[in-house]
Amino acid sequence: MVLLAVNSGQFDDVPVSEALIMEKALREYLKVKHPALVERIESTKDLTKDDEKALLEAIEALKRGGR
């Protein structure tokens with residue numbers, strides 16, 4: 001999930017010094033706000049187009065303030 005965020009450019013505006021903080025924030029945010037998505041991706045080891053879209057939307061929401 002973090003790799004998708006990095007590879008899609010979602011973290012391009014995150015200073016290197018804050019990268020680990022952002023990674024931790026993303027993991028926690030997804031666990032709390034999108035547990036079914038995390039479970040599905042982790043259990044299937046597959047990222048469907050729908051899951052990718054949902055994940056990118058979640059990352060954007062986190063960056064807007066976590067809502």
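Helices here are DSSP runs of H or I, at least four residues long, numbered from the N terminus. Keep in mind that you are looking at a predicted model.

**Stop 1: the core**

Start by selecting Phe11, Leu26, Tyr29, Leu30, Leu55 and Ile59. These have the most contacts inside the largest nonpolar core, which has 18 residues. Now colour the helices: α1 (2-7), α2 (19-33), α3 (35-44) and α4 (49-63) each put at least two residues into this core. The most comes from α4, with six residues. As background, nonpolar side chains in soluble globular proteins tend to be buried together.

Next, pick Phe11 and show its surroundings. Setting aside residues up to four places away in sequence, phenylalanine 11 touches Val2, Ala5, Val6, Met22, Glu23 and Leu26.

**Stop 2: Ile59 and Gln10**

Move to isoleucine 59, in helix α4. Is Ile59 buried or exposed? Its relative accessible area is 0% and the cut-off for buried is under 20%, so Ile59 counts as buried. Beyond residues up to four places away in sequence, Ile59 touches Ala5, Gln10 and Leu26. If you want a distance to draw, go from isoleucine 59 to lysine 33: they are 26 residues apart in sequence and 11 Å apart in space, C-alpha to C-alpha.

One of those contacts, Gln10, deserves its own click. Glutamine 10 sits in the loop between α1 and α2. At 14% relative accessibility, this loop glutamine counts as buried because the limit is under 20%. What does glutamine 10 contact, leaving aside its neighbours within four places in sequence? Select Ala5, Leu56, Ile59, Glu60 and Lys63, and you have the set.

Glu60 is on that list, so to speak the next stop on the way. Glutamate 60 is in helix α4 and is partly exposed, with a relative accessible area of 37%. Draw a line from glutamate 60 to alanine 5: the two are 55 residues apart in sequence, and their C-alpha atoms are 9.5 Å apart in space.

**Stop 3: down the axis of α3**

Turn the view until you look along α3, and select Leu37, Val38 and Ile41, the buried residues of this helix. Seen down the axis, they fall within an arc of 100 degrees, so they line one face of α3. What covers these buried residues includes α2 and α4.

Zoom in on leucine 37, which lies in helix α3. Leu37 has a relative accessible area of 6%, which makes it buried. Not counting residues up to four places away in sequence, leucine 37 touches Asp51, Ala54 and Leu55. Leu55 also appeared at the first stop, among the residues with the most contacts in the core. For a distance, take leucine 37 to leucine 55: 18 residues apart in sequence, 7.8 Å apart in space from C-alpha to C-alpha.

**Stop 4: the residue after α3**

Just after α3, click on lysine 45. What is the phi of lysine 45? The value is near 55 degrees, positive in a residue other than glycine. For context, most residues other than glycine have a negative phi. Lysine 45 lies in the loop between α3 and α4. At a relative accessible area of 70%, Lys45 is exposed, because the cut-off for that class is over 50%.

**Stop 5: the largest pocket**

Switch on a surface and select Met1, Val2, Leu3, Leu26, Arg27, Leu30, Lys31, Val38 and Glu42, which line the largest pocket. The space inside comes to about 170 Å³. Which helices supply at least two residues each to the lining? They are α1, α2 and α3, and the largest share, four residues, comes from α2. Colour the lining by class and you get six nonpolar, no polar and three charged residues. Leu26 and Leu30 line this pocket, and they are also among the residues with the most contacts in the core.

**Last stop: Glu28**

Finish with glutamate 28, in helix α2. At 41% relative accessibility, Glu28 counts as partly exposed. A closing distance to draw is from glutamate 28 to asparagine 7: these residues are 21 apart along the chain, and 20 Å separates their C-alpha atoms.

Notes. Residues are numbered from 1 along each chain as its sequence is written. This is a predicted model: local features need pLDDT of at least 70, side-chain atom pairs count only at pLDDT 80 or more; totals for chains, interfaces and linings use all residues. Side-chain values use heavy atoms; hydrogens and water are left out. A nonpolar core is a set of buried Ala, Val, Leu, Ile, Met, Phe, Trp, Tyr and Cys residues joined through side-chain atoms within 4.5 Å. Buried means under 20% relative accessible area, exposed over 50%, partly exposed in between (1.4 Å probe, protein chains only). Contact means heavy atoms within 4.5 Å. On a 1 Å grid over the protein atoms alone, a cavity is a set of points where a 1.4 Å probe fits but cannot get out, and a pocket is an open set with protein on both sides within 12 Å along at least five of seven lines; lining residues have an atom within 4 Å of a point. Grid points are joined across faces, edges and corners, and a volume is the space filled by probe spheres set on the points. Ala, Val, Leu, Ile, Met, Phe, Trp, Tyr, Cys and Pro count as nonpolar, Asp, Glu, Lys and Arg as charged, and the others, Gly among them, as polar. The arc is that of the directions from the helix axis to the C-beta atoms.
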